[in-house]
4 protein chains.
Amino acid sequence: MDKGRMEAFSDGVLAVIITVMVLEMKAPHGTSLESLRPVAPVFLSYVLSFIYIGIYWNNHHHLLYAVRRVNGPTLWANLHLLFWLSLVPFTTAWMGENRLAAWSVALYGIVLLLAGTAYLILTKTLMAAQKDDRTLAMAVGSDVKGKISMLIYAASIALAVVSPWISCAGYVLVAILWLVPDRRIERRIVE
Amino acid sequence: MDKGRMEAFSDGVLAVIITVMVLEMKAPHGTSLESLRPVAPVFLSYVLSFIYIGIYWNNHHHLLYAVRRVNGPTLWANLHLLFWLSLVPFTTAWMGENRLAAWSVALYGIVLLLAGTAYLILTKTLMAAQKDDRTLAMAVGSDVKGKISMLIYAASIALAVVSPWISCAGYVLVAILWLVPDRRIERRIVE
Amino acid sequence: MDKGRMEAFSDGVLAVIITVMVLEMKAPHGTSLESLRPVAPVFLSYVLSFIYIGIYWNNHHHLLYAVRRVNGPTLWANLHLLFWLSLVPFTTAWMGENRLAAWSVALYGIVLLLAGTAYLILTKTLMAAQKDDRTLAMAVGSDVKGKISMLIYAASIALAVVSPWISCAGYVLVAILWLVPDRRIERRIVE
Amino acid sequence: MDKGRMEAFSDGVLAVIITVMVLEMKAPHGTSLESLRPVAPVFLSYVLSFIYIGIYWNNHHHLLYAVRRVNGPTLWANLHLLFWLSLVPFTTAWMGENRLAAWSVALYGIVLLLAGTAYLILTKTLMAAQKDDRTLAMAVGSDVKGKISMLIYAASIALAVVSPWISCAGYVLVAILWLVPDRRIERRIVE
């Protein structure tokens with residue numbers, strides 16, 4: 001089956017997710033520079049979430065680039081990933097409006113952890129669908145970066161009750177780890 | 001005529017529908033875990049509706065995969081389907097915010113029943129447009145699953161005044177029936 | 001220049017327009033069937049606007065199908081059309097929430113008239129860009145249907161102060177006129 | 001790597017940005033023509049922002065048309081541009097609802113300046129990715145128009161505290177400068 005429509009639908013969903021988040025940033029009622037201050041934490045949450053959705057789009061792009069076939073299970077694994085990512089605007093809003101309250105920061109991380117797990121499942125499902133074609137399997141390799149991310153997420157969620165700032169530092173760290181798209185795939189394909 | 005733009009437009013509309021529903025899940029004002037409780041029924045409605053839109057996208061994907069031609073009536077049959085699906089965010093919100101009140105559960109089912117009927121009409125219209133090409137007709141066959149779904153919807157709508165929980169169980173049952181995309185089409189095309 | 005991206009962008013904008021309109025239909029607070037009654041005029045406005053956007057998408061699809069080249073002016077003529085159509089959710093909401101108040105019905109018609117004019121300009125700009133290729137020019141012909149629509153819009157706008165119902169009947173009439181996509185183009189291309 | 005998905009994702013994001021802005025134009029509660037008056041500044045801000053997003057889409061279209069390859073850095077340079085453009089609905093709403101208050105007009109310009117800078121970075125990154133292919137580099141040339149725009153933005157931001165009207169005139173002037181898409185690229189490619 002053709003992967004074109006799966007890409008197009010994912011692009012559409014991710015484009016809407018990344019854009020509707022900004023709707024949560026309500027224009028303040030005042031006209032002074034001061035009146036922008038309450039928007040600051042919402043803005044910072046937005047920046048972090050924008051980068052996360054950007055990372056997912058980027059890696060999704062790379063992942064499907066290394067793929068020839070998609071089948072029924074792949075479509076559902078992809079929808080499963082999109083489901084968790086679709087919750088990011090909600091967790092971003094809750095975290096942003098509550099100036100990084102402990103539970104909101106933990107929930108933000110839980111959704112990121114579940115999205116990360118969904119991405120892992122999508123990768124495995126895609127590999128299984130490629131049959132003899134080992135391009136993707138070799139490109140992904142042992143996926144050390146993916147495993148480290150999961151550990152940081154788990155630690156950040158647990159630490160949210162201690163200090164939400166440490167948790168947020170954890171989320172920022174994972175984002176930095178992934179900002180560079182998966183060069184392994186790029187390299188393998190070029191070779 | 002080319003089916004590409006009909007697919008692209010449908011992907012766009014379904015991507016927006018599936019994503020704007022999450023906007024109905026307003027971030028709670030409290031910061032405790034307790035404050036998330038009122039969001040729970042809205043979240044469950046969202047999960048059910050996400051799965052339904054996912055099922056429709058998946059089957060729409062399979063349906064158009066088996067098709068070569070689209071014509072004027074096909075475009076309108078497709079828009080008719082998108083119309084009923086576009087009402088899902090509204091019925092989801094009403095059902096979710098009212099903790100499964102009888103009428104809201106019935107209306108949710110009515111829109112699903114009408115979307116199911118629209119899908120049936122789209123299938124028939126597409127078959128008519130294929131002329132001598134019987135790939136789609138043979139792949140769809142007697143469509144037992146479609147007919148059973150209609151019966152369950154109708155029963156669930158009628159039972160909503162008795163117990164909304166039974167109705168919801170009906171909607172979940174239909175979703176499970178359809179979670180696996182139409183293997184008939186996949187099989188026929190591969191053969 | 002390639003027409004692919006102009007189609008993709010138009011599809012995206014029209015998909016968002018047609019879907020965000022439904023967000024104006026707020027889920028009622030009550031749980032009785034009665035509580036749905038205030039939603040009725042909003043729903044009817046939504047149906048009319050959905051059909052109008054559907055008609056525009058359908059005809060836009062047909063129009064670009066008959067076209068080989070797009071250039072700078074074409075892109076702007078297309079954005080001009082999308083601008084007026086993007087105002088339809090606003091006029092729909094104002095008309096729907098005010099149970100067809102005279103001015104809201106008139107404004108709805110004015111935006112339709114301006115969108116119709118923009119479509120006409122787009123057609124002319126596309127024709128000019130095709131140079132020697134007369135496929136589109138011959139397919140569009142004298143465009144009697146377009147001219148009649150303009151007249152009905154103008155009359156409906158003027159009559160809104162007398163009776164909003166007559167105006168709405170005018171808008172419905174134009175919609176019926178256009179429900180069938182432009183068979184002239186379909187016919188010309190097949191020949 | 002293929003540029004198709006980068007175009008599709010950008011089209012999606014820009015289509016949502018350009019359309020959700022209109023959601024900020026709330027339908028007035030009154031039914032008289034008078035009740036539309038408070039909507040006027042919001043409408044004018046919307047028109048300006050629609051034109052700006054239209055200009056960006058148009059030039060983005062032309063820019064990628066002259067390009068063969070995209071790579072990792074290009075994808076991020078593109079997301080960076082989309083980030084600043086995604087803030088346009090927010091700055092438009094703040095400016096529109098405050099009848100051109102000084103700070104809101106300055107912030108509007110700052111986001112435009114940052115989007116302009118991001119576009120410049122995207123152009124440079126794309127050039128670097130083309131290696132020996134000098135089509136894009138020759139087409140863009142010395143980019144006088146880009147430099148003038150930056151100067152006008154900077155002056156408009158500084159002048160916002162003196163007179164917001166002069167600043168707005170500056171933004172309108174830049175828009176007029178860019179309304180014609182980059183003919184340099186069109187010309188170079190045709191030759």
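Chain B and chain C bury about 3000 Å² between them, and carbon and sulfur atoms account for 76% of that area. The model is a predicted one. On the other side, chain B and chain A also bury about 3000 Å², again with 76% on carbon and sulfur atoms. Chain B and chain D, by contrast, do not touch.

**Interface of chain B with chain C**

- The contact draws on 29 residues of chain B and 39 residues of chain C.
- Within chain B, the residues that lose the most area to chain C are Arg5(B), Phe9(B) and Trp76(B), which together make up 27% of what that side buries.
- Two salt bridges are counted between chain B and chain C.
- Arg5(B) takes part in a salt bridge with Glu7(C), at an N to O distance of 4.0 Å.
- Six residue pairs are in polar contact between chain B and chain C, both partners being at pLDDT 80 or more.
- The side of chain B that touches chain C receives at least two residues from each of H1, helix H3 (72-86), helix H4 (88-97) and helix H5 (102-129) of chain B.
- H1(B) gives the most to this side, with nine residues.
- By class, the side of chain B that touches chain C consists of 20 nonpolar, five polar and four charged residues.

**Interface of chain B with chain A**

- Here 40 residues of chain B are in contact with 30 residues of chain A.
- Two salt bridges are found across the interface of chain B and chain A.
- A salt bridge joins Glu7(B) to Arg5(A), with the closest N and O atoms 4.0 Å apart.
- Six residue pairs are in polar contact across the interface of chain B and chain A, with both residues at pLDDT 80 or more.
- Helix H1 (4-20), helix H2 (39-65) and helix H9 (183-190) of chain B each provide at least two residues of the side that touches chain A.
- H2(B) gives the most to the side of chain B that touches chain A, with 15 residues.
- That side of chain B comprises 23 nonpolar, twelve polar and five charged residues.

**Relation between the copies**

- Chain B is superposed on chain C by a rotation of 90° with 0.0 Å of shift along the axis, at an RMSD of 0.0 Å.
- Chain B and chain C are therefore related as by a four-fold rotation axis.
- Gly12(B) is the residue of chain B that comes closest to the rotation axis, with its C-alpha at 4.2 Å.
- Chain B and chain C use different surfaces in their contact, since 3% of the contact residues of chain B recur in chain C.
- A turn of 90° and a shift of 0.0 Å along the axis likewise lay chain B on chain A, with an RMSD of 0.0 Å.
- For chain B and chain A the surfaces used are again different, and 2% of the contact residues of chain B recur in chain A.

**Chain pairs without contact**

- Chain A and chain C do not touch, and their nearest C-alpha atoms are 8 Å apart.
- For chain B and chain D, the nearest C-alpha atoms are 8 Å apart.

**Surroundings of Leu87(D)**

- Leu87(D) lies in the loop between helix H3 (72-86) and helix H4 (88-97) of chain D.
- Leu87(D) counts as buried because its relative accessibility is 5%, where the cut-off for buried is under 20%.
- Beyond residues up to four places away in sequence, Leu87(D) touches Val22(A), Met25(A), Phe43(A), Tyr46(A) and Val111(D).
- Val111(D) is 24 residues from Leu87(D) along the chain, and the C-alpha atoms of the two are separated by 7.2 Å.

How values were computed: Residues are numbered from 1 along each chain as its sequence is written. Chains are lettered from A and ligands numbered from 1 in the order in which they are written. This is a predicted model: local features need pLDDT of at least 70, side-chain atom pairs count only at pLDDT 80 or more; totals for chains, interfaces and linings use all residues. Side-chain values use heavy atoms; hydrogens and water are left out. Helices (H or I, at least four residues) and strands (E, at least two) are DSSP runs, numbered from the N terminus. Buried means under 20% relative accessible area, exposed over 50%, partly exposed in between (1.4 Å probe, protein chains only). Contact means heavy atoms within 4.5 Å. Copies are superposed by least squares on the C-alpha atoms of residues with pLDDT of at least 70 in both. Buried area is the accessible area (1.4 Å probe) that two parts lose on being put together, summed over both. A salt bridge is a side-chain nitrogen of Lys or Arg within 4 Å of a carboxyl oxygen of Asp or Glu. A polar contact is a pair of N or O atoms within 3.5 Å; within protein, one must be able to donate a hydrogen and the other to accept it, and residues adjacent in sequence count only if both atoms are side-chain atoms. Ala, Val, Leu, Ile, Met, Phe, Trp, Tyr, Cys and Pro count as nonpolar, Asp, Glu, Lys and Arg as charged, and the others, Gly among them, as polar.
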